[in-house]
Amino acid sequence: MGYISPRAVVEPGVYLGQDVSILGPCHIKTGSIIEDHCIIGKPSRLQLVQLKNRLQNATQALTYADYDEIVDTPTVIGEEALIHQGTLIYSGCILGEQVLCEDHTTVKWDTVVGSYTKLVVGALIGSYITIGKYCTIGGTCGNDSIIKDYSTCFGTLMHAYQQYGVKRETEHIENYSQYDIGRRDPAPRLEEHVTVGYDANIIGGIVIGTRSYVAAASIVTKDVPPDTIVTGHNLHHPITEWNGGLKKVHNATFQK
C-alpha cells in the first residue's frame, strides 16, 4: 500500500507503482515513472532524531503520518525521470530531467544528480554529493564527492577515514549515537569527461583531472593530471605516451 504526503506535489502525467511512498514536501514533475516499492523523500538520519524525540514523549504508537512529518527538506524529481523498483531517494535530493535510477539504487540525503544521468543497478550514492549531467554512475560514492559532467564511474569514491585522538575508542563508547553522521572528511572530485573503471578505488580528497581514465581495479591516492591514464597503484601514464588503444579513442573524442 502506498503513501503520498499531503505536502507533496505530484504533477499530472506521473506514474506511481505499487507500494510507493512519497514523503515530505516532495515535488514529482510531469512524465516521471516511479516503479514498485520505492521511497521518495526518505528521512535523513538527522531528521530521524526528531522521530526519536517524539517516541520518548509518545503515549501511543506513532503512525506513518508522524514519520512523514519529520521530513522538512524538499525532494525534487525532474521531468521524465525513470525510477526503477526498490529505489530509495532520501529527502533533500534533487534529480534533474530524465535521470534514470535503475533497480535498487540508493541516493542519500541532500544530493544533486544532473539531468540525463544514469545511476546503474544497485548504485549507492552517499549524502551531500553533486553529480553533473550526462554521467553514468555505478558502485559506491562516498559523502561529499563531486562528479562533473560527462563522467563515468564504476569504481568506489571513498574517504581516507583517518583516526584522530589517542582516546578515540573510549570517547567513541561514551559519546556513541546511532544517529551521528560522522566527520565529513575530504572526498574525491572527478572533473569533466573522466572515466573510472570497475572496482577502482579513488581514496581521499584528491582530484582526477579532465579527460583522464582510471583503469579497472586501480588504486588512486594522489591527484591525477588531465589527459592521464592511471593503472595499478598510482601509476600515471600521460596519454601522449600511451601506446594502447585508449590513445586512439581519446584523440578521436577530444582532439579537433
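This tour moves through a predicted model, from the whole chain to its strands, its ring contacts and one pocket.

**The whole chain**

Begin with the entire chain in view. Its C-alpha atoms fill a box of roughly 70 × 55 × 20 Å along the principal axes. The chain holds four helices and 30 strands. Of its 256 residues, 42% are buried.

**The eleven-stranded sheet**

Next, display the strands as a cartoon and find the open sheet of eleven strands. Followed across, the order is β3-β6-β9-β12-β15-β18-β21-β24-β27-β29-β30, and the pairing is mixed. Select residues 15–16 for β3 and 235–238 for β30; these are the edge strands, each of which pairs on one side only. Strands of a sheet pair through backbone hydrogen bonds, either parallel or antiparallel.

For a parallel example within this sheet, select residues 152–153, which form β21, and residues 195–196, which form β24; two bridges connect them. Here Thr152 stands opposite Thr195 of β24.

For the antiparallel case, move to β29 and β30, which pair over four bridges. Val230 has His236 in β30 as its bridge partner. These two strands form a hairpin with three residues between them, and Gly232 takes a positive phi near 55 degrees there.

**Strands β4, β7 and β10**

Now select residues 21–22, strand β4, together with residues 39–42, strand β7. The two run parallel and are joined by two bridges. Ile22 lies opposite Ile40 of β7. Adding residues 88–90 brings in β10, which pairs with β7 in the parallel sense over three bridges. In β10, Tyr90 is the bridge partner of Lys42.

Keep Tyr90 selected and show side chains. Lys108 lies over the face of this ring, at 5.8 Å from the ring centre. A further contact of a charge with a ring appears on selecting Arg184 and Tyr128: the charged end of Arg184 sits over the ring of Tyr128, 3.8 Å from its centre.

**Aromatic pairs**

The model has five aromatic pairs. To see one of them, select Tyr3 and Tyr64, whose rings meet edge-to-face, with 4.9 Å from centre to centre and 80 degrees between the planes. This pair links distant parts of the chain, as Tyr3 belongs to strand β1 (residues 3–4) and Tyr64 to helix α2 (residues 64–69), 61 residues apart. Add Tyr67 to the selection: ring pairs link Tyr3, Tyr64 and Tyr67 into a cluster.

Is Tyr64 buried or exposed? Its relative accessible area is 33%, so Tyr64 counts as partly exposed, since that class lies between the 20% limit for buried and the 50% limit for exposed.

**The second largest pocket**

Finish at the second largest pocket, which has a volume of about 180 Å³. Select Arg211, Tyr213, Leu246, His250 and Phe254; of the 14 lining residues, these are the closest to the pocket's centre.

Which elements each supply at least two residues of this lining? They are β29 (228–231), already visited in the hairpin with β30, and α4 (245–254). The helix α4 gives the most, with five residues. Colouring the lining of the second largest pocket by class shows six nonpolar, six polar and two charged residues.

Key: Residues are numbered from 1 along each chain as its sequence is written. Side-chain values use heavy atoms; hydrogens and water are left out. Two strands pair if DSSP finds at least two bridges between them. On a 1 Å grid over the protein atoms alone, a cavity is a set of points where a 1.4 Å probe fits but cannot get out, and a pocket is an open set with protein on both sides within 12 Å along at least five of seven lines; lining residues have an atom within 4 Å of a point. Grid points are joined across faces, edges and corners, and a volume is the space filled by probe spheres set on the points. Ala, Val, Leu, Ile, Met, Phe, Trp, Tyr, Cys and Pro count as nonpolar, Asp, Glu, Lys and Arg as charged, and the others, Gly among them, as polar. Rings of Phe, Tyr and Trp (its six-membered ring) pair if their centres lie within 6.5 Å; planes under 30 degrees apart count as stacked, over 60 as edge-to-face and the rest as tilted. Buried means under 20% relative accessible area, exposed over 50%, partly exposed in between (1.4 Å probe, protein chains only). A charge sits over a ring if NZ of Lys or CZ of Arg is within 6 Å of the ring centre and within 35 degrees of the ring normal.
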